[in-house]
Amino acid sequence: MLQLWTFLVEKLSLLSNFKLFESSWLDGGGDGARPAQRAAAAARPRRGDLLEVPRTLFTHFGIYLGDNRVAHLIPDILPVLTDDEGLLGSAVTNERLILGCVSKCATVRVDTLEDFAYGGSVLVNRMDRTTRARAFANEEVAGRAEQLVGATRYSLLWNNCEHFVTYCRYGCAASRQTEKFCECLKSIIRDQRSVIVTGLLGLVSIACFGVAPSTTLPTILIPFTLWMAG
């Protein structure tokens, strides 16, 4: 039982100090990184600049096209359902976003800088200082982004907003956010206490909801899979 409590405390501590989907291309951390972030936020964007907006659990990315316009990739179900430009140009609701994630549908759309930021602070070209790849000329970056405007396939791991901007600016689609997410999953899988915790949770679900395929199969298969993968 003591091991279980230790396991839970470790994982909660990890999550409380770690923004799961935050991009961490900047070297170093703490107060030393803040002046650079403030400078990036204060910079006026130019056409072709890479923009970042930190959120609570993730960072959203876009490419500035000039004239207060930003191209960014966002999950959206509507392009699959209609070609009406008026509807497609409207603000993406939470329902459209969730259905887009579930159906793996997205769109590279152009919004105003204010709509893209959605009240958050905008960081400009922060990734340039740490990524090894050399950025293309700004006009080429903007041109690559404009060519991709329209419906596309969405994948949290393989084709999200960070993949879009890194492809446009550096020529290679990559996402540090998803890399950190996978690293977190691997650390949980490698910890064999996960097997005990998931097994106990399965037994609790059986005790609460009764013996049924929906409770019994996960109770057996999930701990077994974690055990074999660990």
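I began with Thr107, which I located in strand E4, residues 105-112, where strands are DSSP runs of E with at least two residues, helices are runs of H or I with at least four, and both are numbered from the N terminus. The model is a predicted one, in which local features need pLDDT of at least 70, side-chain atom pairs count only at pLDDT 80 or more, and totals for chains, interfaces and linings use all residues. I kept to residue numbers that run from 1 along each chain as its sequence is written, and to side-chain values that use heavy atoms, with hydrogens and water left out.

I looked up the accessibility of Thr107 and found a relative accessible area of 9%, so I entered this residue as buried (buried is under 20% relative accessible area, exposed over 50%, partly exposed in between, with a 1.4 Å probe and protein chains only). Setting aside neighbours within four places in sequence, I listed the contacts of Thr107 as His72, Leu73, Ile74, Asp76, Pro79, Gly150, Ala151 and Thr152, a contact being heavy atoms within 4.5 Å. For Gly150 I also noted that its backbone oxygen lies 3.4 Å from a polar atom of the Thr107 side chain; a polar contact is a pair of N or O atoms within 3.5 Å, where within protein one must be able to donate a hydrogen and the other to accept it, and residues adjacent in sequence count only if both atoms are side-chain atoms.

I turned next to Ser155, which I placed in the loop between strand E6 (150-153) and helix H8 (161-170). Ser155 is buried at a relative accessible area of 18%, and a polar atom of its side chain lies 3.0 Å from the backbone nitrogen of Trp158.

Which residues other than glycine did I find with a positive phi? I recorded Tyr118, with phi near 55°, and Asn125, with phi also near 55°. Most residues other than glycine have a negative phi. I traced Tyr118 to the loop between helix H6 (113-117) and strand E5 (123-124), and Asn125 to the loop between E5 and helix H7 (138-147). Tyr118 is exposed, with a relative accessible area of 69%, whereas Asn125 counts as buried at 13% relative accessibility. I also noted that the C-alpha atoms of Tyr118 and Val53 are separated by 8.7 Å, although these residues are 65 apart along the chain.

I then searched the whole structure for disulfides and found 0, a disulfide being a pair of cysteine sulfur atoms within 2.5 Å. Of the cysteines I looked up, Cys161 is buried, with a relative accessible area of 9%, while Cys208 is exposed at 58%.

For Arg144 I entered a charged end that sits over the ring of Tyr167, 4.4 Å from its centre; the rule asks for NZ of Lys or CZ of Arg within 6 Å of the ring centre and within 35 degrees of the ring normal.

I closed with the protein as a whole, for which I recorded 11 helices and 6 strands. Buried residues make up 39% of its 230 residues, and among contacts between residues at least 6 apart in sequence, 70% join residues at least 24 apart.
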